[in-house]
Amino acid sequence: MSLLSTRGLSKHFAGLTAVNDVDFDLPEGQIRALIGPNGAGKTTFVSMLCGRVELSSGVVMFEGRDISVLPAHKRIGLGLAYTFQITSVFGNLSVAENVALAARRRVKGAMVAQVVTEALGKVGLADRMEQNAADLSYGHQRLLEIAMGLAQAPKLLILDEPTQGLADSEISDFKALIRDLANSTTILLIEHNMNVVMELADFITVLDFGQVLAEGTPQDIRANAAVQAAYLGTV
Ligand SMILES: Nc1ncnc2c1ncn2[C@@H]1O[C@H](COP(=O)(O)OP(=O)(O)OP(=O)(O)O)[C@@H](O)[C@H]1O
């Protein structure tokens with residue numbers, strides 16, 4: 001059984017079909033990359049998985065349960081965590097307080113501090129706990145968001161362009177982080193950096209004009225002529 005799957009998932013915005021009849025299956029334990037040209041529908045697709053965007057038609061299943069109309073906070077409760085391009089960090093709170101907010105959804109009392117320390121340790125921000133989140137670089141704010149996701153001990157972690165804003169030197173740490181997280185969490189990653197995709201992903205789904213253009217291993221996708229024409233040739 002897939003951890004997450006969709007059938008016939010579509011989203012129409014007035015006159016525009018952003019996601020068109022997508023069937024998608026994500027097995028537990030996989031690192032899956034979702035790639036495709038700008039405007040292909042990637043963010044809209046994962047927003048429907050998370051419940052941030054209402055679907056127009058189709059179904060979303062998580063652990064065999066139909067979650068298509070479940071509100072976002074209930075999906076988080078089931079183990080579906082996500083970080084998005086638009087940063088959701090509270091700038092006037094400390095790094096630790098931001099993660100504590102996420103941790104309190106799951107644990108209470110002294111456990112909160114433990115979960116916070118662990119999550120920040122994993123993403124490499126343990127030495128910045130007391131700093132105001134607003135004072136972090138953009139790249140570090142993205143790592144803080146991942147720590148906030150981890151504090152919820154998710155079964156599925158969805159990351160929307162997590163390497164955007166990271167320096168080259170930080171990207172190799174990021175790759176190691178994702179490999180480490182994959183030992184305990186299934187990961188769905190929207191990513192434009194093809195080095196990151198090809199190195200990290202077990203399996204890749206390519207969206208184009210809201211539809212699945214191709215799926216396969218990194219080798220399959222690299223060799224796929226349609227993907228080359230639609231996307232890889234242009235990056
Ligand atoms: N709230 C909205 N209202 C109207 N159109 C939207 C809305 N959100 C997205 N779209 C449109 O849906 C299409 C898919 O957008 P989406 O952001 O999902 O693509 P994407 O693949 O994530 O792109 P990028 O790689 O640039 O982030 C685009 O044409 C976009 O303009």
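How far apart should the end C-alpha atoms of helix α5 (residues 138-150) be, at 1.5 Å a residue? Keep that in mind as you click through this predicted model; the tour returns to α5 below.

**Start with the whole chain.** Show the chain as a cartoon and you will find nine helices and ten strands. Its C-alpha trace spans about 50 × 40 × 35 Å along the principal axes. A compact globule of 235 residues would have a radius of gyration near 18 Å, and the chain has 17 Å, which agrees. Colour by burial next: 41% of the 235 residues count as buried. If you draw a contact map, look away from the diagonal, since residues 24 or more positions apart account for 67% of the contacts with a separation of 6 or more.

**Colour the two domains.** Select 1-79 + 154-214 for domain 1, then 89-153 for domain 2. Their C-alpha centres lie 23 Å apart. Where they meet, twelve residues of domain 1 are in contact with eleven residues of domain 2. On the domain 1 side, β7 (156-160) and α6 (168-181) are the elements that give two or more residues, and α6 gives the most, with four. By class, this side of domain 1 has eight nonpolar residues, one polar and three charged.

**Now select 138-150, helix α5.** Here is the reply to the opening question: the 13 residues should span 18 Å, and the end C-alpha atoms are 19 Å apart, which agrees. Is α5 enclosed or open? Eleven of its 13 residues are buried, so the rest of the structure largely encloses this helix. Show side chains for the buried residues, among them His140, Arg142, Glu145, Met148 and Leu150. Then add β6 (80-83), α3 (95-103), α4 (110-123) and β7, because these are the elements that the buried residues of α5 pack against. You have already met β7 on the side of domain 1 that touches domain 2.

**Finish at the ligand.** Which residues surround the ligand? Select Phe13, Leu16, Ala18, Gly36, Asn38, Gly39, Ala40, Gly41, Lys42, Thr43 and Thr44. Two elements give two or more residues to this shell: β2 (16-26) and α1 (42-50). Of these, α1 gives the most, with three residues. Colour the shell by class and you will see four nonpolar, six polar and one charged.

Note on methods. Residues are numbered from 1 along each chain as its sequence is written. This is a predicted model: local features need pLDDT of at least 70, side-chain atom pairs count only at pLDDT 80 or more; totals for chains, interfaces and linings use all residues. Domain bounds come from an automatic or database domain assignment. Two residues are in contact if their C-beta atoms, placed from the backbone, lie within 7 Å. Ala, Val, Leu, Ile, Met, Phe, Trp, Tyr, Cys and Pro count as nonpolar, Asp, Glu, Lys and Arg as charged, and the others, Gly among them, as polar. The expected span of a helix is 1.5 Å times one less than its number of residues. A residue is buried if 20 or more other C-beta atoms lie within 10 Å of its own, exposed if 12 or fewer, and partly exposed in between; C-beta atoms are placed from the backbone. A residue is near a molecule or strand if its C-beta atom, placed from the backbone, lies within 6 Å of it. The radius of gyration is taken over C-alpha atoms; the globule rule is 2.2 Å times the number of residues to the power 0.38.
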